[in-house]
Each structure stands twice: as C-alpha cells, then as structure tokens.
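Thank you all for making time this morning. Please have a look at the structure on the screen before I go on.

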Amino acid sequence: MLKREAESADRVFHALADPNRRAMIERLTLGPAAVSELAAHLGVTLAATVQHLRVLQDSELVRSEKSGRVRTCRIDPSGLRDAEAWLQHQRTAWEHRLDRLGAVLDDQPKESES
C-alpha cells in the first residue's frame, strides 16, 4: 500500500474517532448544511464546529463553499476511498492468512485418527 494512501486513511480514521465529527457526517448525509445549522445540531459553539469542520476537510470527508456570509458544507466521498482501500488491503491480507491456517489445520491428523 502506498504511503500516501496510508496517511490519508490515518487522517480519515482520526477524523471519525470523534463522536461530534461522526454526528456531523451523519447530518450531512441528509444533504448540505450551513455551519450554523451543524453547530445547532451538535449543541456546541460555532468555533468548536469550525474546528471539527477543519479536521473533516483535511481528511477530505467534507467540503465547504462560502456564498456571501453563509458557509455551506457537504459530504466529500474522496476521503473514504483511501480508507476503504486500506481496509480492503487488510481484509485481503487476513483472509489469505486464515486460508493458509485452514490449509495447515486440514493437513493435521485428527485426534480420533491417532
């Protein structure tokens, strides 16, 4: 796996480790929302919401656009791609290891045969 993909996956998992950020993502799955709406939804200050958004944007899970005085946020699926690639790589590696273990165990004599 490429180092860049692994670092991107690290950022995504770090961003999703916080319950407030997960709540923001869940809210944004319903559609775009203003920062003030996200703050009200979470019950936290606007400043805290902006800090959480910065982490989500750095991990490419959310993007925002400013129109006048309103900043609107929406889901950005590109951050999940590297995390999904990392998870798939781990799954493939573990499935291969378990297949090899199964083959070794199948070659072992059964206790009743001894």
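I will talk about one helix and its surroundings, and then about one residue in a loop.

Please keep in mind throughout that this is a predicted model. The helix I would like to begin with is α2, which covers residues 19–28, and at its N-terminal end we find a cap, since Asp18 places a side-chain oxygen 2.8 Å from the backbone nitrogen of Asn20.

Which residues of α2 are buried? They are Arg21, Met24, Ile25, Arg27 and Leu28, and because these span an arc of only 160 degrees around the axis, they sit on the same side of α2. On the other side of the helix, Pro19 and Glu26 are exposed. The buried residues of α2 are covered by several elements, including α1, α3 and α4, together with the strands β1, β2 and β3.

Let me stay with α4, residues 46–58, whose axis comes within 10 Å of that of α2 and crosses it at roughly 75 degrees; the two helices are therefore roughly perpendicular to each other. On the α2 side the contact is made by Asn20, Arg21, Met24 and Ile25, while α4 contributes Thr49, His52, Leu53, Val55 and Leu56. If we sort the residues of this contact by character, we get 5 nonpolar, 3 polar and 1 charged.

Finally, let us turn to Gly68, which lies in the loop between β2 and β3. Is Gly68 buried or exposed? Its relative accessibility is 63%, so Gly68 counts as exposed. Gly68 and Ala93 are 25 residues apart in sequence, and their C-alpha atoms are 49 Å apart in space.

Note on methods. Residues are numbered from 1 along each chain as its sequence is written. This is a predicted model: local features need pLDDT of at least 70, side-chain atom pairs count only at pLDDT 80 or more; totals for chains, interfaces and linings use all residues. Side-chain values use heavy atoms; hydrogens and water are left out. Axes are lines fitted to C-alpha atoms, for helices over the stretch in contact, and angles run from 0 to 180 degrees between N-to-C directions. Helices (H or I, at least four residues) and strands (E, at least two) are DSSP runs, numbered from the N terminus. Angles under 35 degrees count as roughly parallel, over 145 as roughly antiparallel, 65 to 115 as roughly perpendicular and the rest as oblique. Contact means heavy atoms within 4.5 Å. Ala, Val, Leu, Ile, Met, Phe, Trp, Tyr, Cys and Pro count as nonpolar, Asp, Glu, Lys and Arg as charged, and the others, Gly among them, as polar. Buried means under 20% relative accessible area, exposed over 50%, partly exposed in between (1.4 Å probe, protein chains only). The arc is that of the directions from the helix axis to the C-beta atoms. A polar contact is a pair of N or O atoms within 3.5 Å; within protein, one must be able to donate a hydrogen and the other to accept it, and residues adjacent in sequence count only if both atoms are side-chain atoms.
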